[in-house]
Amino acid sequence: APQSYDVVVVGSGGAGLAAAIQACDEGARVLIVEKMSTIGGNTIKASVGMNAAETRYQKLKGISDSKELFYQESLKGGQFKNNTVLLKTFVETAPQAVEWLADHGIELSDITITGGMSIDRTHRPADCSAVGGFLISGLVKNLNKRNIDVMLDTSVTEIRYENGAVSGVELLNDENEALTVLAKSVIVATGGFSANSEMVVNYRPDLEGFVTTNHQGATGGGIAILQKIGAGTVDMGEIQIHPTVEQGTSYLISESIRGGGAILVSQAGKRFFNEMETRDKVSAQIIALPEKFAYVVFDEQVRTKNKAADEYIARGFVISAPSPRELAAKLDMDHHALLATLESFNVAVEKQNDEEFGRKTALRQPIHEGPFYAIRIAPGVHHTMGGVTINTETSVLDGQQQVIKGAYAAGEVVGGIHGGNRIGGNAVADIIIFGILAGRSAASYALR
Ligand code: ADP
């Protein structure tokens with residue numbers, strides 16, 4: 001007889017793990033199925049942090065923020081295309097999700113900022129390290145404590161659907177055997193499709209030839225599986241390119257470097273845009289440069305406040321020099337231009353007024369303490385905002401906006417929340433917020 005569980009979770013990124021833990025704590029017997037050989041999905045690569053407004057950690061640091069402002073800035077960043085009902089749930093529930101993590105031993109107590117936000121609301125580990133690895137290792141500890149079953153190297157190929165409701169999944173396991181697992185609830189948390197270049201180019205021919213920052217499991221299979229049982233989709237052409245990607249390795253250079261005070265400089269040695277604008281706008285400006293790449297430039301002060309910078313140095317991405325003049329020489333850049341650029345940026349910091357480019361945030365300190373650093377970057381495919389349609393309980397909706405009984409989805413596989421452009425720090429918030437909700441909804445449906 002086939003195995004049976006109350007809830008099957010497809011995908012072991014942040015959304016899937018949060019959902020599994022929550023469903024287990026609601027009393028459900030839970031199985032996680034992951035097609036790759038490791039846990040963590042693309043979430044493990046998340047760098048900057050988790051956005052939330054009106055949190056305990058903001059209050060501790062004296063940061064005054066409002067959910068309303070967070071909502072407005074996410075909507076503006078998303079080019080006003082966001083599903084406003086889901087976005088309301090997102091903003092309202094974000095502080096609880098930060099507390100949920102803390103209750104599970106995953107404390108995000110340091111705070112920084114990302115492009116398109118006006119206030120420090122991006123929560124990250126106390127040591128300013130990347131959020132992804134920290135999050136996944138903390139969630140895995142919670143899985144282990146609960147003895148939640150995980151099948152690695154196993155793909156869900158189909159969701160079973162009988163008599164008007166989901167009844168389980170069909171799997172292909174690590175030995176290529178087809179298996180059936182019965183379950184009343186299935187949570188699809190399979191992530192986005194940035195690593196499926198055919199699918200990306202199908203929706204966006206202009207993205208032909210772009211590298212991607214995503215892990216190779218980000219192929220969008222979960223969307224097709226849900227479509228087969230009638231799921232609707234939304235915003236499939238809304239695909240984000242991230243402005244700062246090291247092209248040789250497709251490695252993402254975190255927004256936390258700019259958030260810590262770095263600038264973007266062209267080959268001509270000049271700033272060319274407000275570095276703290278949203279990802280869509282910054283990417284467009286880099287592509288518009290004659291050379292189609294730029295440098296993230298920072299100094300020793302920025303490096304010491306960002307763990308990620310040391311990682312980039314270790315990986316060999318960073319060109320460094322004791323002075324701006326020597327840095328320019330190494331970059332084959334006009335040193336007069338670079339010196340003038342740094343000088344006028346430092347004046348903007350001093351006056352807290354960037355007259356030239358209108359940067360309003362992360363004017364933290366002048367760039368003047370050697371060594372000086374540069375990383376050559378260009379945009380890469382980073383996030384797919386589109387995906388399946390859900391309601392605020394994470395139930396998957398069909399093309400007529402009707403609930404598909406027993407089908408739940410959370411995380412990047414879902415469309416609508418981020419509209420036309422996802423703000424940095426909103427993906428980690430999304431996966432935790434909606435992962436918890438999915439775990440709760442799926443368990444209560446299965447155990448009703
Ligand atoms: P999110 O950020 O939404 O949690 P991630 O990309 O971090 O998404 O994680 C999604 C996970 O789902 C990845 O580890 C991916 O390998 C896995 N996955 C994708 N499709 C399938 C599938 N058909 N069966 C099992 N696992 C899948």
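Okay, let's start with one pair of residues: Arg364 and Asp120 make a salt bridge, and their closest N and O atoms sit 3.3 Å apart. Before going on, keep in mind that this is a predicted model.

So how many salt bridges turn up across the interface of domain 1 and domain 2? The rule finds 2 there. As for polar contacts, the count between domain 1 and domain 2 comes to 7 residue pairs, with both residues at pLDDT 80 or more. If you look at the side of domain 1 that touches domain 2, you get 11 polar residues, 5 nonpolar and 4 charged.

Now, where are these domains in the chain? Domain 1 is made of two stretches, 3-193 and 385-446, while domain 2 covers 241-381. Their C-alpha centres are 32 Å apart. Domain 1 puts 20 residues into the contact, and domain 2 puts in 16.

On to area. About 1,400 Å² is buried between domain 1 and domain 2, and carbon and sulfur atoms give 46% of that. Which residues of domain 1 lose the most area to domain 2? Those are Ile113, Gly115 and Asn421, and together they account for 27% of what that side buries.

Last thing, a sheet. It's an open one with 4 strands, ordered S1-S10-S9-S8, and the pairing is mixed. At the edges you'll find S1 (3-4) and S8 (155-162), each pairing on one side only. Strands S9 (residues 165-172) and S10 (residues 178-182) run antiparallel, joined by 5 bridges. To spot one of the bridge pairs, go to Leu172 and find its partner in S10, Ala178.

Conventions:
Residues are numbered from 1 along each chain as its sequence is written. This is a predicted model: local features need pLDDT of at least 70, side-chain atom pairs count only at pLDDT 80 or more; totals for chains, interfaces and linings use all residues. Side-chain values use heavy atoms; hydrogens and water are left out. Two strands pair if DSSP finds at least two bridges between them. Helices (H or I, at least four residues) and strands (E, at least two) are DSSP runs, numbered from the N terminus. Domain bounds come from an automatic or database domain assignment. Contact means heavy atoms within 4.5 Å. Buried area is the accessible area (1.4 Å probe) that two parts lose on being put together, summed over both. A salt bridge is a side-chain nitrogen of Lys or Arg within 4 Å of a carboxyl oxygen of Asp or Glu. A polar contact is a pair of N or O atoms within 3.5 Å; within protein, one must be able to donate a hydrogen and the other to accept it, and residues adjacent in sequence count only if both atoms are side-chain atoms. Ala, Val, Leu, Ile, Met, Phe, Trp, Tyr, Cys and Pro count as nonpolar, Asp, Glu, Lys and Arg as charged, and the others, Gly among them, as polar.
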